[in-house]
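Colleague: I would like a close look at a single part of this model. Could you take me through the aromatic rings, and then through what lies around them?

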Amino acid sequence: MDIRALGYLRLETTTLDEWRRYALDVLGMVEATGTTEDTLCLRLDDRAYRIVIQAGESDRLLAAGWEVANSAALARAAEELEAAGVAVKAADPAELAERRVQGLIHVTDPGGNPLEIYWGQAQDHTALGTPYGNRFVTGTPAGEELGLGHVVLPVPDIEAALDFYENLLGFQLRDSMKLPPQAVPTATEQRDFHWMHFLSPNRRHHSLGLYPGALPPGIVHFMVELETLDDVGRGLDRMQAAGIPIASSLGRHTNDRMVSFYAQAPGGFQVEYGWDGLVVDPATWVAKEITADSFWGHRWNG
């Protein structure tokens, strides 16, 4: 299957006004066309949107959107999923118009996480005009698509999830890490350790993390990457000035080399705000076990 990138995220929230302040005033994202009283659409680049947040009765992931190249690639993806026994539902015209894409199918991964595989997202050719001059990294200087960033999803059956993403969706396993039992209190079966896996369909070190437990919002965190370290530092200042809890201090990860911090987001999960993520060559990459989360920093606050 030829999935190219994590294209977008769709979230539901009980606190849309809080998300407006968080995304626009603190994260430095830009309100996109399609925003209404009940829906916040967010731009990070020249795509029509990268994140959609809808007012609702719960705080949860509505969908992670994975992009393919064209209609033929989407048709092949649907065929391969159905052949593997995965239920596939085609989007109706109203959904295509709402999402501003030309083709889309709905599927669910083995952890119950909702996915949308799509092609042909509209672009917005107006100047981005971020509020602090910050710029987000969604591709390489050569024009290669890296996508929104990454998302970490809860998957209680880690083996089934890894098989689904690696062997069916075609993601490349980049590395894995052992988590102690106390780090996975919602595991379906307690073991001496639990594997967490990091994968990607493109050159970004990882576009997807698989966490081996349950989490009510259906999302552990998502990451957005900034162009400069100063962008990250100023974002950290804005978080602290706004009184938003910092879940993990500034640090550098061992696997993707990202310098980042984690902050609580409205809805019971976190946002990672980072810089200098590793871009790899999939042809020469060798999957590894990492034995520490970070080279320095990333002190977790509970």
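Modeller: What follows is a walk through the aromatic rings, then the pockets, then two buried residues. Keep in mind that this is a predicted model.

Start with the rings. The structure holds 11 aromatic pairs. A pair of aromatic rings is described by the distance of the centres and the angle of the planes. Take Trp19 and Tyr22. Their ring centres are 5.3 Å apart, and their planes meet at 80°. An angle over 60 degrees counts as edge-to-face, so that is the name for this pair. Where do Trp19 and Tyr22 lie? Both are in helix H1, which covers residues 16-26. They are three residues apart, about one turn of the helix. Both residues are buried. They also belong to a wider group: Trp19, Tyr22, Phe222 and Phe269 form one aromatic cluster.

Now turn to Tyr262 and Trp300. The centres of their rings lie 4.8 Å apart, with the planes at 50°. Stacked needs an angle under 30 degrees and edge-to-face one over 60, so this pair is tilted. The pair links distant parts of the chain. Tyr262 is in strand E15 (residues 259-265). Trp300 is in the segment after strand E18 (294-297). The two are 38 residues apart. Are these residues buried or exposed? Tyr262 has a relative accessible area of 4%, so it is buried. Trp300 has 42%, so it is partly exposed.

Some rings have a charge for company. The charged end of Arg238 sits over the ring of Tyr132, 4.0 Å from the ring centre. Likewise, the charged end of Lys288 sits over the ring of Trp285, at 3.8 Å from its centre.

Trp300 brings us to the pockets. The largest pocket has a volume of about 670 Å³. It has 26 lining residues, and the closest to its centre are Met196, Tyr211, Val220, Gln270 and Trp300. Which elements give two or more residues to this lining? They are E9, strand E10 (172-179), strand E11 (194-200) and strand E16 (269-275). E16 gives the largest share, three residues. By class, the lining has 14 nonpolar, 10 polar and two charged residues.

The second largest pocket has a volume of about 290 Å³. It is lined by 19 residues. Nearest its centre lie Asp45, Asp46, Phe136, Thr138 and Gly139. Its lining has three nonpolar, six polar and 10 charged residues.

Phe136 leads on to Thr130. Leaving out residues up to four places away in sequence, Thr130 touches Gly28, Val30 and Phe136. Thr130 lies in the loop between strand E8 (114-119) and strand E9 (150-154). Its relative accessible area is 12%, so Thr130 is buried. Its partner Val30 lies in strand E2 (residues 30-31). Val30 is buried too, at 13% relative accessibility. Val30 and Thr130 are 100 residues apart in sequence, yet their C-alpha atoms are 5.9 Å apart in space.

Finish with Leu210, in strand E12 (residues 208-211). At 0% relative accessibility, Leu210 is buried. Beyond four places in sequence, Leu210 touches several residues, among them Leu153, Leu162, Tyr165 and Met196. Met196 is also one of the residues closest to the centre of the largest pocket. Leu162 is 48 residues from Leu210 along the chain, and their C-alpha atoms are separated by 7.8 Å.

Notes. Residues numbered from 1 in each chain as written. Predicted model: local features only at pLDDT ≥ 70, side-chain atom pairs only at ≥ 80, totals over all residues. Heavy atoms only, no water. Phe/Tyr/Trp six-rings, centres within 6.5 Å; stacked < 30°, edge-to-face > 60°. Helix = DSSP H or I, 4+ residues; strand = E, 2+ residues; numbered from the N terminus. Buried < 20%, exposed > 50% of the residue type's maximum accessible area, 1.4 Å probe, protein only. Lys NZ or Arg CZ within 6 Å of the ring centre and 35° of its normal. Contact = heavy atoms within 4.5 Å. 1 Å grid on protein atoms, 1.4 Å probe; cavity = no way out; pocket = protein on both sides within 12 Å on 5 of 7 lines; lining within 4 Å. Points joined across faces, edges and corners; volume = space filled by probe spheres on them. Nonpolar A, V, L, I, M, F, W, Y, C, P; charged D, E, K, R; others polar.
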